[in-house]
Amino acid sequence: MPSFQRRKAIGDAHEKRVTQEFNRRGWHVSPWGQGVMGEPVRLALHHTTSSLRWTPDLIAAQGRQVVLIDCKSRMTSQTSRRHAIERAAVTAHLQLVAWTQLPLYYVFDNLDLLTPHDALGLGQEGPRTTAGSGTPYLLVPATRASAFDDVFGAPDGLMAA
């Protein structure tokens with residue numbers, strides 16, 4: 001399987017898991033962002049500098065509360081225990097939060113949560129890489145992340161620890 005297809009399959013599986021975790025807590029989730037765009041549009045968008053390149057993956061609601069979710073699969077170093085978020089994504093997400101007046105959360109594989117403000121304020125710039133857009137990443141210690149249950153509640157019928 002080519003590299004992009006492998007990454008897409010991993011990302012899709014993470015989005016499905018995050019959706020299930022929200023559903024277990026009484027949230028309703030819809031796909032959003034590039035995941036709902038056709039491939040020609042996604043490919044064309046990838047060659048622009050538009051902030052739409054970093055549109056979050058999901059939108060979730062519970063009652064009148066609405067949040068934007070950007071799923072981050074395989075973006076945590078097992079050795080340094082830091083979460084990585086592309087600086088360009090953080091910049092686009094700060095603009096999106098200001099425009100929509102909705103909170104945005106990054107959800108990592110272990111269900112750790114960070115916001116764009118967390119990433120900007122707590123992150124240290126990492127090395128540039130050829131992965132993604134080639135822009136630098138912000139590296140945030142996993143110890144600074146919030147727990148999914150603390151922000152979105154425990155699954156129905158279970159008490160948070």
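Start by selecting residues 58-62, strand β2, in this predicted model. Strand β2 is joined to strand β3 by 5 bridges, and the two run antiparallel. To see one facing pair, show the side chains of I59 and L68: I59 stands opposite L68 in β3.

Now look at the turn of this hairpin. The strands β2 and β3 have 2 residues between them, and G63 takes a positive phi near 60° there.

Next, select residues 65-72, which make up strand β3. Is this strand largely enclosed or left open by the rest of the structure? Of its 8 residues, 6 are buried, so β3 is largely enclosed by the rest of the structure. Buried here means under 20% relative accessible area.

Keep β3 on screen and add residues 104-108, strand β5. Here the pairing is parallel, again with 5 bridges. Click on I69 and you will find it opposite Y105 in β5.

Time to move to another sheet. Select β4, β8 and β7: they form an open sheet of 3 strands in the order β4-β8-β7, with antiparallel pairing. Which strands lie at the edges? They are β4 (82-86) and β7 (124-125), each pairing on one side only.

Zoom in on β4 together with β8, residues 137-141. These two strands pair in the antiparallel sense over 5 bridges. One pair to highlight is A84 with its bridge partner L139 in β8.

For the last stop, add helix α3, residues 87-100. Helix α3 packs on the sheet and touches β4, β7 and β8. Turn the view to compare directions: that of α3 makes about 70° with that of β4.

Notes. Residues are numbered from 1 along each chain as its sequence is written. This is a predicted model: local features need pLDDT of at least 70, side-chain atom pairs count only at pLDDT 80 or more; totals for chains, interfaces and linings use all residues. Side-chain values use heavy atoms; hydrogens and water are left out. Two strands pair if DSSP finds at least two bridges between them. Helices (H or I, at least four residues) and strands (E, at least two) are DSSP runs, numbered from the N terminus. Contact means heavy atoms within 4.5 Å. Axes are lines fitted to C-alpha atoms, for helices over the stretch in contact, and angles run from 0 to 180 degrees between N-to-C directions. Buried means under 20% relative accessible area, exposed over 50%, partly exposed in between (1.4 Å probe, protein chains only).
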